[in-house]
Amino acid sequence: MKSVLRAGSKTRAGCDACEGMVPVTFSYGDWTMDDQTVVEDILRGICDRCGAVVVLPQQSVPKIKEARARARKRTTVRIQKSLRDFIQSRLYEAGAPVQHYELAIKVVLATVLDDKPKMKGLIKKLKTLHDPVLEDPLESSVSIYLTESLQERLQDLLRRTGIAKRSELIRRLVVVTEGDKDVLRELKKVAEYVA
Ligand SMILES: [Zn+2]
């Protein structure tokens, strides 16, 4: 194949650290972006003299662009430790690794946001919800990646419920779906692929 470089290919390029043109060897490995996001397992051109990454070939660009886009959409949601424990017990029940908070939260979002017939009832529940768990301090946090479609639907639900913050909405959604059988069934389905 002529359109891709392979590990072990050689070239020459400028290296800032070595202050000049240097021999470069391509290899696969991680690369850290300026914002500390790590792009895993891409082909990089490494300076033979000092080991710095000096070339990122064209074929690595799609993964880098995707990582940039994901970093932009990643949101940190602060949650109560009690709510975190609930999410973990639900993951455990579904047979998924208990650290997959993101998975549990996304299954909740995907399940309830797609259920148009139940939407009216859900909005009412979200608005009137009183649960002592929600009063606990926000001492834990989870990092989740929201697709544009999920962001839009959350935005819409914020408008319709009058809840001020997206993270508060997400916490409330987890609480109101406590005994929801659809959520658990979906989570069990997805868990088969990640366990
Ligand atoms: Zn160098």
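What follows is a walk through this predicted model, from the sheet to the helices and their core. Local features are described only where pLDDT is at least 70, side-chain atom pairs count only at pLDDT 80 or more, and totals for chains, interfaces and linings use all residues. Residue numbers start from 1 along each chain as its sequence is written.

Let's start with the sheet. Helices and strands here are DSSP runs numbered from the N terminus, with helices (H or I) needing at least four residues and strands (E) at least two. Two strands count as paired if DSSP finds at least two bridges between them. On those terms there is an open sheet of four strands, in the order 1-2-3-4, with antiparallel pairing. Strand 1 and strand 4 (53-55) sit at the edges with a single partner strand each, so one side of each has no neighbour in the sheet. Neighbouring strands are turned by 60° against each other on average, direction ignored; the angles are taken between axes, which are lines fitted to C-alpha atoms (for helices, over the stretch in contact), and run from 0 to 180 degrees between N-to-C directions. As background, strands of a sheet pair through backbone hydrogen bonds, either parallel or antiparallel.

Now go along the sheet pair by pair. Strand 1 (residues 10-15) and strand 2 (residues 20-32) run antiparallel and are joined by six bridges, and K10 stands opposite T25 in strand 2. Their hairpin has four residues between the strands, and E19 takes a positive phi near 55° there. E19 isn't a glycine, despite that positive phi. Is E19 buried or exposed? E19 is exposed, because it has 8 other C-beta atoms within 10 Å; the cut-offs are 12 or fewer for exposed, 20 or more for buried, and partly exposed in between, with C-beta atoms placed from the backbone.

Next door, strand 2 and strand 3 pair in the antiparallel sense over eight bridges. In this pair, G29 has I42 in strand 3 as its bridge partner, and V24 stands opposite C47. Five residues lie between the two strands in their hairpin, and Q36 in the turn has a positive phi of about 75°. Strand 3 (residues 38-47) also contains D41, another residue that has a positive phi, about 60°, without being a glycine. D41 counts as exposed, because it has 10 C-beta neighbours inside 10 Å.

The last pairing, strand 3 with strand 4, is antiparallel over two bridges, with I46 opposite V53 in strand 4. This hairpin has five residues between the strands, and G51 takes a positive phi near 85°.

Over to the helices. Which residues have the most contacts inside the largest nonpolar core? They are A104, I105, V108, V174 and L187, in a core of 22 residues. A nonpolar core, by the way, is a set of buried Ala, Val, Leu, Ile, Met, Phe, Trp, Tyr and Cys residues joined through C-beta atoms within 7 Å. Strand 5 (74-79), helix 2, helix 3 (101-113), helix 6 (166-176) and helix 7 each give two or more residues to this core. Helix 3 gives the most, with eight residues. A second, separate core of five residues takes us back to the sheet strands, with C15, V24, C47 and V54 among its members.

One helix pair is worth following. The axes of helix 2 (residues 81-94) and helix 7 (residues 181-194) come within 8 Å and cross at roughly 65°. The crossing is right-handed, that is, the near helix is turned clockwise from the far one by less than a right angle (anticlockwise would be left-handed). R90, E93 and A94 in helix 2 meet L184, L187, K188 and A191 in helix 7, a contact being C-beta atoms, placed from the backbone, within 7 Å. Leaving aside neighbours within four places in sequence, L187 is in contact with R90, A94, A96, A104 and V107.

Finally, two residues tie distant parts of the sequence together or set them apart. K127, in helix 4 (residues 119-128), touches T161 and G162, not counting residues up to four places away. K127 and L169 are 42 residues apart in sequence and 9.7 Å apart in space, C-alpha to C-alpha. D180, by contrast, is in the loop between helix 6 and helix 7, and its C-alpha atom is separated by 42 Å from that of D34, 146 residues away along the chain.

Conventions. Contact = placed C-beta atoms within 7 Å.
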